[in-house]
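Open the model in your viewer and keep the sequence panel at hand. The stops below go through one helix and then through some aromatic rings.

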Amino acid sequence: MKKSRKDSGVSRRSFLKTLGVGGAGMLVPATAVAGQERLPAPSDDELATLFDLSKCIGCGACVEACRESNAEKFPEPEKPFPPMSPSRRAKPEDWSEKRDIDDRLTPYNWLMLQTAEVSYKGEDYEINIPRRCMHCQNPPCANMCPFGAASKQENGLTRIYDNLCMGGAKCRAVCPWHIPQRQSGVGLYLDLMPRFAGNGVMYKCDRCYQLLEKGETPACISVCPEDVQTIGPRRRMVAKAHELAREMDGFIYGLEENGGTNTFYVSPVPFDLLNKGVEKGKGKPHFKPVKDVMADETNLAAATLMAPIAGVAAGFLGLGAKLLATRDDKDGKEGTDES
C-alpha cells in the first residue's frame with residue numbers, strides 16, 4: 001500500500017532536521033546556488049512584448065490560452081492548511097475553489113482583461129487591456145526575495161520557481177503593480193516550517209517559458225485573432241513602440257516605468273485616463289506612473305545585503321526539495337512493494 005504524504009511527513013521533517021533546518025542551519029556550497037544571479041543588468045538583447053491597445057477587442061482568447069498552456073503548473077493544495085504562529089502573521093489565501101475567476105489575477109489566472117471607457121479629444125473610446133506581469137528589466141521581486149525563489153532569465157522574463165518559493169509574498173509587496181498571487185497549502189513550507197515560515201507559493205505569468213525554450217511563441221500571443229501583441233528583441237520592440245505611437249499620435253507605458261520593463265503598451269489615449277477608467281484593487285493592476293523601485297537607496301542596499309543570504313537560501317531550499325523528492329520516491333516504492 002502506497003504511503004500518503006501525511007504518513008511520510010514526520011519522517012521527511014525529521015530527515016531535513018538532520019540537515020539543520022529549523023536549527024543553526026548549514027552552509028550550502030556556492031555551486032548549489034544555480035541560476036540565482038542577483039541584481040541583473042538590463043540588456044537590449046532581452047525579449048520584450050508590445051501591446052497595440054487600439055486592436056484589442058476584449059475577446060478573452062488570450063486568457064483562455066494562458067490557462068490551457070499553463071494548467072500543469074497550477075497548484076493543487078493540501079487541506080486543511082497548517083495554522084500560522086502567531087495566527088495574525090499571515091492569513092491563508094485559497095483560490096482552489098475559485099479557479100474559474102478571470103476578472104482579476106489569481107494563482108489560477110495569470111492574465112486578465114481590463115476595460116476602460118474614456119473620452120479624449122471629443123471622441124469616445126473603449127480600450128481593452130490584457131494585464132499580466134510586466135517582466136521588469138531590474139525586477140524588485142527577484143532582487144528582494146529572501147528565499148532566492150524569483151529569478152530573471154537571460155531572455156528577459158522573470159520567473160518564480162515554485163520548488164523554492166515559501167509564499168512569503170515579499171515579491172507582491174515590492175512589485176509596483178502587486179502582480180504575484182499566493183496559494184496556501186502548497187510548496188516547501190509544508191515540509192520545512194509549516195507554522196513559522198511562508199504560507200504557500202506565489203504565482204504569476206512566466207511568459208510560457210516552456211514554449212520560449214522550444215523557440216515557440218507564448219500562448220496568449222499566438223492565439224490572438226487581432227495580432228494585439230508582438231514579441232521580439234527589446235531594442236526592436238522599443239523602436240516599434242515609438243513608431244506605433246507616432247502613427248496613432250498615442251502614448252506608451254512600460255518603457256520607463258520601474259526603470260524599464262519588457263512589456264510595452266501603446267494606446268491612442270493617455271494612460272492617466274485609462275488608469276481612472278479601469279477597475280483597480282487586489283489582483284487588478286493600476287496604470288499609474290511608477291518610479292524605479294531598485295533606484296531607491298534603501299531598497300538597493302537591502303537587495304545587495306540580501307543577495308548572498310538569498311543565494312544560500314535558494315541553494316539550501318533547492319537541496320531540500322531534491323531530498324524531499326528522493327524520500328517521496330523511496331516511500332512510494334516501499335509502499336508499492338509492501339502492497
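Start by selecting strand 1 (47-52), strand 8 (229-233), strand 9 (251-253) and strand 10 (263-267): the buried residues of helix 7 pack against these strands. Keep in mind throughout that this is a predicted model.

Now select helix 7 itself, residues 234-248. Its 15 residues, at 1.5 Å each, should span 21 Å, and the end C-alpha atoms are 21 Å apart, so the expected and the modelled span agree. Show the side chains of R234, M237, V238, A241, L244, A245 and M248, which are buried in helix 7. They cover an arc of only 130° around the axis, and therefore lie on the same side of helix 7. The spacing fits a general rule: an α-helix has 3.6 residues a turn, so residues three or four places apart point the same way.

Turn the view to the other face. Which exposed residues does the face of helix 7 turned away from its buried side carry? They are R235, R246 and E247. Step just past the end of helix 7 to D249, where phi is positive, at about 55°.

Next come the rings. The structure holds nine aromatic pairs. Select F51 and Y265, a stacked pair with 4.6 Å from centre to centre and 20° between the planes. F51 is in strand 1 and Y265 in strand 10, 214 residues apart, so this pair links distant parts of the chain. Are these two rings buried or exposed? F51 counts as buried because its relative accessibility is 1%, where the cut-off is under 20%. Y265 is buried as well, with a relative accessible area of 0%.

Move on to F74 and W110, an edge-to-face pair: the centres are 5.4 Å apart and the planes are at 75°. Both residues lie in the loop between helix 2 (61-70) and strand 2 (112-120), so the pair ties together parts that are 36 residues apart in sequence. F74 and W110 are both buried.

Go back to F51 and add Y253, Y265, F271 and F287 to the selection; ring pairs link these five residues into a cluster. While F287 is in view, show R131 too: its charged end sits over the ring of F287, 3.9 Å from the ring centre.

For the last stop, select W95 and K98. K98 lies over the face of W95, at 4.3 Å from the ring centre.

Notes: Residues numbered from 1 in each chain as written. Predicted model: local features only at pLDDT ≥ 70, side-chain atom pairs only at ≥ 80, totals over all residues. Heavy atoms only, no water. Helix = DSSP H or I, 4+ residues; strand = E, 2+ residues; numbered from the N terminus. Expected span 1.5 Å × (residues − 1). Buried < 20%, exposed > 50% of the residue type's maximum accessible area, 1.4 Å probe, protein only. Arc of directions from axis to C-beta. Contact = heavy atoms within 4.5 Å. Phe/Tyr/Trp six-rings, centres within 6.5 Å; stacked < 30°, edge-to-face > 60°. Lys NZ or Arg CZ within 6 Å of the ring centre and 35° of its normal.
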